[in-house]
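Here are a few exercises to work through with the viewer open. Try each task before you read its solution.

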Amino acid sequence: MKNALNIGFGILVLAIVIVVSGTFYTLEEGEQAVIVQFGRPVGNPVTEAGLHVKLPLIQEARRFEKRLLIWDGDPNQIPTKGREFIWVDTTARWRIADAKKFLENVASEAGARSRLNDIIDSVVRDQVSGSELVELVRSASWEVPKGEILEEVPAEVREELTKRIARGREEITRTILAEARKVIPQYGIELVDVRIKRLDYVESVREKVYVRMISERKRIAAQFRSEGEGRSAEILGTMEKELRQIRSTAYRRVQEIRGKADAEATRVYGAAYNADPEFYAFSRTLEAYKEGQNKNSVVILTTDSDYFRYLKQAGTRPLPGAAAARPAR
Amino acid sequence: MATYDPEVAVEELLRQLRQRLAALGSRRIAAVVLGALLLIFLSSTWFTVQPEETGIVQRFGAVHRTVSPGLHFKFPNGIERVRLVPTARVLKEEFGFGTAATGGGGRTQSAPDKKDFKNVSLMLTGDLNVIDVQWIVQYRIEDPVRYLFRVRESRQTIRDIAEAVMRRVVGNRLGSDVLTVGRVAVSTEVKEEMQKILGEYETGVRLVTVELQDVTPPDPVKPAFNEVNEARQDRERTINQAQEQANREIPKARGEATRTITEAEGYAVERINRANGEATRFRAVLGEYQRAPEVTRRRLYLEAMGSILPEAKALYIVDSDQKALLPWLRLESGEMPAAAGKGSGQAEGVTGGRQP
């Protein structure tokens, strides 16, 4: 008797627990739920977090993310309009906008991801194939470089550099987003953003780009070197010119000064010596003898010379005339 | 015990436990279990928030309140839950490189890792070259509620946006620009654009800084870039050398020019002075000479001879009648021959000639 009562009480408690726990459910922040009755969604999705009520046993709460979710595409090899193969890696952000539609159409995140794969990949492929590589790389705000930078690059690259960008990467990603959005709402998905995360040359092209970069650098290096040599030659030339100018100017000045002085001296001498050219000749000759004399000179004189005349015969005779001295000159 | 058998020991332990429980009685057991449960239940009613954290308290899943650092109370688990978010800490994401968090042993894994890094850091520039950019993004969780509940995988979101934006910005510039002067502009632009997108996504993240680390040409191209730098240095060096030579030689030449001109001026002054002096002297002498030409002439001659002869090495006086003198003389010997005609060899002997 007592035992049966105890068992009955136990069953009651268990039933209450089941009903209560089936009636209440909590929804985490960032979650939403769809109430499903025998596999069929009923009512609007529940988006408010907190404690909620449903019918126990016959209703079931299916929870979905309300937060922003990541879609990460596989890198794809896609040819551009210019037939260059490039790797394109895109990433997208999406959220479950309509949980009911979402549940009905794709059921789970994995399902949604595979739909997104199909849609975004094909849109990206279309857009990339329809664009030039430069348009994918640069933005619409690309400023055409000018001046110095252009001198560093070869002519064929220069043409590409100065090309105006019709669309640009931003515009292309915007188009991708818009195109993808057209089909997506029917799945209860909101596509928030699509971006090209990575864009890269395929391996073989990359090698070629490296080779091009290397040759470009080498060309610039050679240009620098020859520029240096050119400038150096220019400087040395200017220096040579200046040196010659300085030296020749100095030479001219020297000659002028010396010439003037010589002329002046000549004039002075001329004026003075003209007074008695014969006496000048006599006295200058004597000077010259004195100046021409040195320690090693050997002098040979005859006793006929005026100087030694008196060695031979003391001055018994009257002195000879001035003409007698002349041979000594 | 000679040998220790763990199985036997455990069985022994369980047996003892059963005996104890039987001794306690079923009511007591229930009381102990309930007490333990209550203790666990109550222990979840308080929590501490560390200084750099913010606590988010959720009641039945919904955000109820946020709490600042310190000790706080809440309803027990099942009703309220708390999440701690490090809001004051600056978090960092690295791109294109990894700071080794664990030392040692990681060497073998570095090769595939490196390739992954290169995938992140290699990007195309506006001139369709490839460049290797490494950078970091520092951020703070400004709004923990948004951070937790608006975006799933917030960290991956930040990384994806950082890569997409950096590639766009670098793609819109010339490689040489990014390598040199454009670094600051690139990081500023990336930061602004990233912040805008993170705001649109409602990530609750505030960027602190975006900084470029190593920005280099790709490895295979590096030597060529270095060559350009060397060439630039070479250019400067060559020019400087030439300039140096010019700087050295021109002032020197100027100095020398000035010197020769000054010397010429000196010469001119000297020449004219001498001319004037000599002219004056000549005039003076001439004046006197004209008064007594004959005597003066003789005196001048004798004076001159008197000054010449003492200076001479040797003096030979030859009689005018003597015809064959020269063969006897050894003119170069310097020694006076013993029988040198009638001449008295020594110049000394005629110094008296000075006095007329």
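Buried area is the accessible area, taken with a 1.4 Å probe, that two parts lose on being put together, summed over both. Keep in mind that the model is a predicted one.

**Exercise 1. The interface**

Task: work out how much area is buried between chain A and chain B, and what share carbon and sulfur atoms give.

Solution:
- Start with the contacts: 114 residues of chain A touch 108 residues of chain B.
- Next comes the area, which is about 10300 Å² between chain A and chain B, with carbon and sulfur atoms giving 63% of it.
- Now look at who contributes on the chain A side. A:Arg217, A:Phe279 and A:Tyr307 supply 7% of the area that chain A buries against chain B, and no other three residues supply more.

**Exercise 2. A pair of helices**

Task: find how the axes of H8(A) and H8(B) are placed, and which residue classes make up the contact.

Solution:
- The two axes, H8(A) and H8(B), come within 9 Å and cross at roughly 0°.
- Angles under 35 degrees count as roughly parallel, so H8(A) and H8(B) are roughly parallel to each other.
- Sorted by class, the contact of H8(A) with H8(B) has 38 nonpolar, 7 polar and 24 charged residues.

**Exercise 3. Salt bridges across the chains**

Task: count the salt bridges between chain A and chain B, then take a few apart.

Solution:
- Over all chains the structure holds 57 salt bridges, and the count between chain A and chain B is 15.
- Take B:Asp234 and A:Arg225, whose side chains meet in a salt bridge at 2.9 Å, N to O. This pair crosses between chains, from helix H8 (residues 222-291) of chain B to helix H8 (residues 203-273) of chain A.
- Check the exposure with the 20% and 50% cut-offs. B:Asp234 has a relative accessible area of 21%, so B:Asp234 is partly exposed; A:Arg225, at 29%, is partly exposed too.
- Move on to A:Glu287 and B:Arg281, which form a salt bridge at 2.9 Å, N to O. A:Glu287 sits in helix H9 (residues 277-292) of chain A and B:Arg281 in helix H8 of chain B, so this pair joins two chains.
- Both ends count as partly exposed: A:Glu287 at 23% and B:Arg281 at 49%.
- One more for the list is A:Arg93 with B:Asp160, the closest N and O atoms being 2.9 Å apart.

**Exercise 4. A bridge inside one helix**

Task: explain why B:Arg167 and B:Glu163 are separated by about one helical turn.

Solution:
- The side chains of B:Arg167 and B:Glu163 meet in a salt bridge at 3.3 Å, N to O.
- B:Arg167 and B:Glu163 are 4 residues apart in helix H5 (residues 154-171) of chain B, so about one helical turn separates them.
- Unlike the exposure class in the previous exercise's first pair, both B:Arg167 and B:Glu163 are buried.- Elsewhere, salt bridges that share partners link A:Glu65, A:Arg67, A:Glu109, A:Arg113, B:Arg152 and B:Glu153 into one network.

**Exercise 5. The surroundings of a valine**

Task: decide whether A:Val137 is buried or exposed, and find which residues A:Val137 is in contact with.

Solution:
- A:Val137 belongs to helix H4 (residues 133-137) of chain A.
- Its relative accessible area is 2%, so A:Val137 is buried.
- In sequence A:Val137 and A:Gly168 are 31 residues apart, yet their C-alpha atoms are 7.2 Å apart in space.
- Leaving aside neighbours within four places in sequence, A:Val137 is in contact with residues including A:Arg169, A:Leu199, B:Leu124, B:Leu128 and B:Arg168.

Terms used
Residues numbered from 1 in each chain as written. Chains lettered and ligands numbered in written order. Predicted model: local features only at pLDDT ≥ 70, side-chain atom pairs only at ≥ 80, totals over all residues. Heavy atoms only, no water. Salt bridge = Lys/Arg side-chain N within 4 Å of Asp/Glu carboxyl O. Buried < 20%, exposed > 50% of the residue type's maximum accessible area, 1.4 Å probe, protein only. Axes fitted to C-alpha atoms, helices over the stretch in contact; angles between N-to-C directions. Parallel < 35°, antiparallel > 145°, perpendicular 65-115°, else oblique. Nonpolar A, V, L, I, M, F, W, Y, C, P; charged D, E, K, R; others polar. Contact = heavy atoms within 4.5 Å.
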